[in-house]
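User: I am new to this structure and would like to be walked through it carefully. Could we look at it together, one topic after another?

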Amino acid sequence: MAIRTKLNDLLGIEHPVLLAPMAGVSGGALAAAVTQAGGLGQIGGGYGDADWLGREFAAAGNARLGVGFITWKLAQQPHLLDMVLERQPVAVFLSFGDAGSFAETIRRSGSKLIMQVQTLEQARAAIDAGADAIVAQGTEAGGHGGSRATLPLVPAVVDIAGELPVIAAGGIADGRGMAAALMLGAAGVLCGTAFFASDEALSPEGAKAVATAASGDHTLRSSVCDVARGLDWPGAWNLRTLRNHFSDRWAGEVESLKADAAAQRDIYASAAAKGDFDTAAVIVGEGVDLVTRREPAAAILTRMVTEAEALLKAAPGYVAAPA
Ligand SMILES: Cc1cc2nc3c(=O)[nH]c(=O)nc-3n(C[C@H](O)[C@H](O)[C@H](O)COP(=O)(O)O)c2cc1C
């Protein structure tokens, strides 16, 4: 038996679970492992580094994959889109910014266009841009995001999306979350935090250890880490991380941090290089309570879909396919 939705058909996958294209974390090995387990693995193109992308596509072998970009950053280096389209990804995932002409380029290439949104206004823009699927991302998510919560955002996006599949993201890290998302009308889920500490993830070992011991009580959204990394993020989005000494030190003092940016960037970069997570951020979302051990990505995905299926068996809209 398996959970089948229109997302399975759109992307040619067995389970409607997508790996979030996490910058620096979702490399080729993790993406391939998720695809191998029946979901869709996506490489995290992040801020855009051609060598890194080439290496991670190679590491994925010939697995079917998606690839994600931070849209406002891609706009500064559009050639990276052509580079990845040559590798014929199943999907290109755009988040955080206006898709502009990228939408048409992706559609013409034959790859599906998945757009992640944080508001209804952005969802309408994604529909108008011709997205093949929309990810409704709630504020619970690890990484960058907005302020609306997953529970009310997902059904509101479903209501305006018509036939387009809506994928829920933000705080979904086990079968209970997946089942709940499907009950909200989502056609699938996109998970980042759930895979952050997986064996195949590129997250530093020390960060995996911190994440598996951490609680969602201790995450926050802030721009402190972006300022410290010298990243010029548009104000509509900020970053959810675990709180640490550095984020507590600068909380509410972003302007002072900016004033001392050069020195603080050095401090932050050297902490990140050393794996000092009192200063460098561990980027996970509220779902981190449910991430309690290191394990293979396939184990995480299989447990999630098995548990969701058991919970949903009697639910309306559930379609069981023959084993
Ligand atoms: C470590 C980490 C890095 C992320 N990097 C990106 C990114 O580069 N681009 C992007 O669109 N989303 C990124 N995200 C957000 C994910 O796309 C997704 O919305 C989020 O992981 C879903 O919520 P969850 O973390 O609760 O599963 C990142 C998330 C995490 C945890």
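Analyst: The questions below turn to the ligand and its surroundings, and then to a pair of helices, in what is a predicted model.

User: Which residues come nearest to the ligand?

Analyst: The ligand is surrounded by 22 residues, and the shell that they form divides into 12 nonpolar, 10 polar and no charged residues. Strand S4 (91-95), strand S9 (188-191) and helix H10 (193-196) each supply at least two residues of this shell. Those that come nearest are Gln116, Gln137, Gly171, Gly192 and Thr193.

User: How much of the ligand's area does the protein bury?

Analyst: Among the polar contacts, a ligand oxygen atom lies 2.6 Å from an N or O atom in the side chain of Thr193, while a ligand oxygen atom is 2.7 Å from a polar backbone atom of Gly171. In addition, a backbone N or O atom of Gly142 is 3.1 Å from an oxygen atom of the ligand. Taken alone, the ligand exposes 590 Å², and the share of this that the protein buries is 96%.

User: Are helices H9 and H16 oblique or roughly parallel to each other?

Analyst: Packed helices are described by the angle between their axes and the distance between the axes. For helix H9 (residues 175-183) and helix H16 (residues 297-312), the axes are 7 Å apart and the angle is about 50°, and H9 passes H16 in a right-handed crossing. Angles under 35 degrees would count as roughly parallel and 65 to 115 as roughly perpendicular, so H9 and H16 are oblique.

How values were computed
Residues are numbered from 1 along each chain as its sequence is written. This is a predicted model: local features need pLDDT of at least 70, side-chain atom pairs count only at pLDDT 80 or more; totals for chains, interfaces and linings use all residues. Side-chain values use heavy atoms; hydrogens and water are left out. A residue is near a molecule or strand if one of its heavy atoms lies within 4 Å of it. A polar contact is a pair of N or O atoms within 3.5 Å; within protein, one must be able to donate a hydrogen and the other to accept it, and residues adjacent in sequence count only if both atoms are side-chain atoms. Accessible areas come from the Shrake-Rupley method with a 1.4 Å probe; for residues, only the protein chains shown count as cover. Helices (H or I, at least four residues) and strands (E, at least two) are DSSP runs, numbered from the N terminus. Ala, Val, Leu, Ile, Met, Phe, Trp, Tyr, Cys and Pro count as nonpolar, Asp, Glu, Lys and Arg as charged, and the others, Gly among them, as polar. Axes are lines fitted to C-alpha atoms, for helices over the stretch in contact, and angles run from 0 to 180 degrees between N-to-C directions. Angles under 35 degrees count as roughly parallel, over 145 as roughly antiparallel, 65 to 115 as roughly perpendicular and the rest as oblique. A crossing is left-handed if the near helix is turned anticlockwise from the far one by less than a right angle, and right-handed if clockwise.
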